[in-house]
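Here is a short briefing on one model. It covers a cavity lining and a sheet.

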Amino acid sequence: MESYERPGHGAGRGVQDAGVQGGEFPPPAASPPEIPRHQVRALHTADTLTVYQAYRPSLGLPAARDGRFPPEWGRERMTWIKPSFLWMMYRCGWGTKEGQETVLAVEITRAGFLWALRHAALSHYEAATHGSREAWRRALRGAPARVQWDPERDPRGRALAHRSLQLGLSGEASRRYADEWTVGIRDVTPLAREAHARVREGRPEAARALLPVERPYEVPADALAGLLPAPRATGGGA
């Protein structure tokens with residue numbers, strides 16, 4: 001089953017740079033100046049948006065075959081969906097981590113995605129947004145969804161300056177995701193493996209050429225209210 005730990009926990013233990021020997025990580029990569037620090041980017045159509053998850057084959061393969069999550073999928077547990085294919089690859093090690101060998105592209109309705117954002121709380125405390133830590137904790141406890149912004153990744157797994165949205169779903173949001181919002185599920189494990197092979201060959205741009213084109217997704221201002229961390233005067237932080 002997909003790892004249900006909060007994605008920020010152990011994020012530094014994601015797949016290491018496939019082109020670096022001896023377990024040493026390359027320095028952070030710069031982001032193109034035109035990319036905002038916090039922006040939703042995804043493969044999307046007029047009606048849907050694609051997110052990614054990784055599961056054990058016994059769960060992921062039936063989901064892809066049937067185009068829906070099976071009954072044993074944990075609808076009451078927290079599950080994290082990621083619009084960024086490369087962040088998913090960083091998290092699951094290109095489908096090599098135990099329990100995350102099957103990578104799924106899950107197409108969901110835009111309406112469902114926006115519902116989740118409008119009912120979400122920010123996963124970390126922001127004084128300018130929450131006023132007090134207790135207010136933040138109350139909001140987090142009462143929200144069926146939570147938003148976390150983590151550094152986007154390049155094909156080598158290097159952290160970029162701009163952030164990638166992750167959306168955690170639990171309770172009502174998790175049930176809606178599985179049974180109402182999902183319109184299609186595809187097994188993209190072969191794509192992950194082929195792209196990973198090109199990275200390991202030292203051809204990261206050739207790997208990128210295979211990947212889904214994730215364009216900026218315009219989110220109504222009200223849907224992101226309270227979900228954007230305050231700007232930082234210098235580098236570091238969210």
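Which strand gives the most to the lining of the second largest cavity? Strand E7 (residues 159-169) does, with three residues. The model is predicted.

**Cavities**
- The count is two cavities of 30 Å³ or more.
- The second largest has a volume of about 50 Å³.
- Its lining consists of Gln39, Val40, Arg41, Pro83, Ser84, Glu152, Arg163, Ser164 and Leu165.
- By class, that lining splits into three nonpolar, three polar and three charged residues.

**Sheet and helix**
- Three strands make an open sheet in the order E2-E4-E8, with antiparallel pairing.
- E2 and strand E8 (182-187) are the edge strands, and each pairs on one side only.
- From one strand to the next, the twist averages 25°.
- Eight bridges join E2 to strand E4 (residues 102-109).
- Across this pairing, Leu49 stands opposite Ile108 in E4, and Thr50 stands opposite Glu107 in E4.
- Helix H1 (residues 57-66) lies across E2, E4 and E8. H1 runs at about 45° to E4.

**Burial of strand E2**
- Is strand E2 (residues 48-55) largely enclosed by the rest of the structure, and why, given its place at the edge? Eight of its eight residues are buried, so E2 is largely enclosed.
- In a regular strand, side chains alternate between the two faces of the sheet.
- Thr48, Thr50, Tyr52 and Ala54 point one way from E2.
- Leu49, Val51, Gln53 and Tyr55 point the other way.
- Both sets are buried.

Terms used: Residues are numbered from 1 along each chain as its sequence is written. This is a predicted model: local features need pLDDT of at least 70, side-chain atom pairs count only at pLDDT 80 or more; totals for chains, interfaces and linings use all residues. Side-chain values use heavy atoms; hydrogens and water are left out. On a 1 Å grid over the protein atoms alone, a cavity is a set of points where a 1.4 Å probe fits but cannot get out, and a pocket is an open set with protein on both sides within 12 Å along at least five of seven lines; lining residues have an atom within 4 Å of a point. Grid points are joined across faces, edges and corners, and a volume is the space filled by probe spheres set on the points. Helices (H or I, at least four residues) and strands (E, at least two) are DSSP runs, numbered from the N terminus. Ala, Val, Leu, Ile, Met, Phe, Trp, Tyr, Cys and Pro count as nonpolar, Asp, Glu, Lys and Arg as charged, and the others, Gly among them, as polar. Buried means under 20% relative accessible area, exposed over 50%, partly exposed in between (1.4 Å probe, protein chains only). Two strands pair if DSSP finds at least two bridges between them. Axes are lines fitted to C-alpha atoms, for helices over the stretch in contact, and angles run from 0 to 180 degrees between N-to-C directions. Contact means heavy atoms within 4.5 Å.
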